[in-house]
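Student: I should like to learn how the descriptive terms applied to a protein model are justified. May we take one model and examine the reasoning step by step?

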Amino acid sequence: ILGVRPDGTEMEIYTHGLRNIYDVAIDPFMNIYTRGNTNDGGGWNIRFIHQIQSGEYGYPVLFKNFTDEILPALVDVGGGSGTGALFMDDSTWPKKYNQVPMMADWGRSQLFIHRLTEDGASFKQADEEFIKLSQISDLDVDASGRMFMAAWDRAGYKGNPDKGFVVRAVPKQWDYKPFPVVSELSVGGLVEYMKSGSAVARLHAQQELITRKNGGNALLEIAEDKSLSLASRVAGIFGYAQAAGSGSIENLVKLAGDPSVKEWVLKALTDRKSQAVNVPVEPFLEVLNSSDDRLRIAAMVGLGRMEDLDVAAELLKTEVPASAVAPVKGTEGPHATPNSEIIPAHIAVRSLVKLNAVEACIDAIGTENSDLALWALRYMHDIKAVDGLLKAYDKTQDKALKKQIVTTLARLYHKE
C-alpha cells in the first residue's frame with residue numbers, strides 16, 4: 001500500500017508484503033483494512049488484514065518460511081476474490097451496520113461485514129455475510145448516507161458494455177438530506193459539518209477548511225475541543241497538520257499532553273517525513289513503555305521517520321515475545337492467526353531498519369536486547385553489519401548466540 005499526496009508528491013510505501021489488494025477501508029482513527037490473496041500455492045484464499053504503518057506482511061519472500069517476521073492477517077476466510085472496501089461510518093445507518101469494515105468479494109458475489117474487537121494494537125474479527133450481489137466489484141457511500149454498489153454481473157474477464165449495473169442501498173425509514181456544495185459554506189458552516197456523524201461529510205468539510213484563510217485555526221479549535229466526538233477531533237488534528245504545515249508542530253506538541261488524543265497527535269506530527277525531522281522526540285520516547293500498545297506503536301512508527309539515530313537504543317529495549325518462533329522447515333507458518341503481542345517488536349524492527357541503525361544493533365549483540373538487534377540486522381545489507389557480526393561471532397563463546405549470528409549472516413548473504 002502506498003501513501004501519496006493529492007498532487008502526486010511524497011509517495012512512499014505504507015505497508016509491504018501484500019497480494020492483490022484492490023481497495024482499502026479507512027476508519028475515522030486511521031486504521032486501514034484490506035482483503036488480499038494468500039501466497040502462490042496457497043489456494044488463492046482471501047485474508048482480511050489490519051494494516052499497521054511500516055508493517056511487513058510477507059508476500060512473497062517471508063510468507064511461508066518466516067512467519068515469525070511478519071504481521072499476520074486477522075483471518076483466512078477461504079477462496080474468493082476481494083474487491084471493493086469501505087469502512088461504514090454514517091450515523092444515519094443502524095448501529096448493527098455502522099462502524100464496521102464492509103468488504104466486497106467478486107468471486108463469492110457477496111458483501112461481507114467484519115466485526116472488530118480491540119486486541120492490543122490490532123483487532124480480532126468475526127465475519128458475516130451482508131448483501132448478495134452478482135460479482136460485486138466496488139462500493140461507496142455519499143455524505144447523505146446512500147450506499148452504492150457496482151455489480152460486474154458475469155461481464156467476463158475483459159468486461160462487456162451490455163453487462164453490469166449499479167444499485168443503491170439505504171436503511172429502512174431513512175430520510176434523504178442533501179449535502180451542500182462545500183465551497184459555498186462559511187468557515188462556521190464547515191465547522192458544523194466537521195461535527196457530523198458522516199465520515200464523508202467530515203472529509204469534505206476538512207479538505208475545504210484546509211484551503212481557507214482561517215481554516216487552520218478552526219481545525220485546531222476542533223482538535224482541542226474535548227466536548228466533540230473523538231472522530232471529529234482526530235479529523236481536526238490531521239486537518240490542522242496539513243493546513244499549518246511545519247507551523248503546526250508547536251501546537252500539536254502541546255496537544256500531545258491530552259491523553260485522549262495523544263496517539264493521533266503523534267501520528268500527525270510525523271505524517272510528513274519532510275517535517276518529521278523538526279519534531280522533538282521527547283513526546284514519543286516517553287510512551288515507549290506505556291501499557292497502551294496503540295500509543296507505543298504510534299511512537300515507534302514516528303521515531304522511525306525522524307532520522308534521529310539516538311533513539312535506536314530505546315527502540316532496542318522492546319521485548320521479543322516467545323511467540324516469535326520460525327515454523328518448522330518445510331511447513332507453512334501461521335500467516336493468518338492474530339498475534340497482537342508480536343506487533344511492538346515487529347514495528348521496533350521496522351523502525352530500526354528505516355533508521356539504518358547498524359552500529360546500535362551491533363553493539364546490542366550479546367546483551368539483553370540481542371534478539372531484537374539480530375532480527376533487525378537480517379535486513380541491513382551494509383558492510384558494517386557484516387563486519388560487526390563477524391567480530392561478535394569471534395568474541396562470544398555462547399554457542400546459541402553463535403548460531404543466531406550465523407543465521408543472520410546467512411540472511412544477509414541473500415537479499416530478499
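Tutor: We may begin with helix α6: the elements that cover its buried residues include α4 (230-244), α5 (249-255), α7 (273-276), α8 (282-285) and α9. Please bear in mind throughout that this is a predicted model.

Student: Why is helix α6 (residues 262-269) described as largely enclosed by the rest of the structure?

Tutor: Seven of the eight residues of α6 are buried, so the helix is described as largely enclosed. Those buried residues are K262, E263, W264, V265, L266, A268 and L269. A residue is called buried when its relative accessible area is under 20%.

Student: What makes R5 buried, and what makes D271 partly exposed?

Tutor: R5 has a relative accessibility of 16%, and the limit for buried is under 20%; R5 therefore counts as buried. D271 has a relative accessible area of 25%, and partly exposed covers the range between the buried limit and the exposed limit of over 50%. D271 is therefore partly exposed.

Student: How do you know that the side chains of R5 and D271 meet in a salt bridge?

Tutor: The distance from N to O is 3.0 Å. The criterion asks for a side-chain nitrogen of Lys or Arg within 4 Å of a carboxyl oxygen of Asp or Glu, so the pair R5 and D271, at 3.0 Å, qualifies as a salt bridge. R5 lies in the loop between β1 and β2 (12-13), and D271 in the loop between α6 and α7, so the pair ties together parts that are 266 residues apart in sequence. In general, side chains of opposite charge can pair when their charged atoms come close.

Student: How many salt bridges are found in the whole structure?

Tutor: The search finds 21 salt bridges. One of them joins R411 and E69, whose closest N and O atoms are 2.6 Å apart. This pair links distant parts of the chain, with R411 in helix α15 (residues 399-413) and E69 in the loop between β5 (45-51) and β6 (75-79), 342 residues apart. Both R411 and E69 are buried.

Student: How do you know that D142 is buried and R146 partly exposed?

Tutor: D142 has a relative accessible area of 17%, and under 20% means buried, so D142 is buried. R146 has a relative accessible area of 23%, which lies between the two limits of 20% and 50%; R146 is therefore partly exposed. These two residues also form a salt bridge, their closest N and O atoms being 2.7 Å apart. Elsewhere, salt bridges that share partners join R5, E10, D271 and R272 into one network.

Student: What makes N37 buried, and which polar partners does its side chain have?

Tutor: N37, in strand β4 (residues 32-37), has a relative accessible area of 7%. The limit for buried is under 20%, so N37 is buried. A polar contact of 2.7 Å joins its side chain to that of N20, and the side chain of N37 also reaches the backbone oxygen of W44 at 3.1 Å. Leaving aside neighbours within four places in sequence, the residues in contact with N37 include R19, I46 and G80.

Student: Why is L2 called exposed?

Tutor: L2 belongs to strand β1 (residues 2-3). Its relative accessibility is 52%, and exposed means over 50%, so L2 counts as exposed. L2, V4, M11 and I13 form a nonpolar patch on the surface, with about 400 Å² of accessible area together.

Student: Where, by contrast, do nonpolar side chains tend to be in soluble globular proteins?

Tutor: In such proteins, nonpolar side chains tend to be buried together. In this model, the largest nonpolar core has 84 residues, and those with the most contacts inside it include I237, L352 and M380. Helix α11 (residues 343-355) gives the most to this core, with eight residues. A second, separate core of 20 residues includes L86, I131, L139 and V200.

Student: Finally, why does D308 count as partly exposed?

Tutor: D308 is placed in the loop between α9 (293-303) and α10 (312-315). Its relative accessibility is 24%, between the limits of 20% and 50%, so D308 counts as partly exposed. A polar atom of its side chain lies 3.0 Å from the backbone nitrogen of D310.

Key. Residues are numbered from 1 along each chain as its sequence is written. This is a predicted model: local features need pLDDT of at least 70, side-chain atom pairs count only at pLDDT 80 or more; totals for chains, interfaces and linings use all residues. Side-chain values use heavy atoms; hydrogens and water are left out. Helices (H or I, at least four residues) and strands (E, at least two) are DSSP runs, numbered from the N terminus. Buried means under 20% relative accessible area, exposed over 50%, partly exposed in between (1.4 Å probe, protein chains only). A polar contact is a pair of N or O atoms within 3.5 Å; within protein, one must be able to donate a hydrogen and the other to accept it, and residues adjacent in sequence count only if both atoms are side-chain atoms. A nonpolar core is a set of buried Ala, Val, Leu, Ile, Met, Phe, Trp, Tyr and Cys residues joined through side-chain atoms within 4.5 Å. Patches are made of residues with over 30% relative accessible area and no salt bridge: like charges are joined within 9 Å, nonpolar side chains (Val, Leu, Ile, Met, Phe, Trp, Tyr) within 5 Å. Accessible areas come from the Shrake-Rupley method with a 1.4 Å probe; for residues, only the protein chains shown count as cover. Contact means heavy atoms within 4.5 Å.
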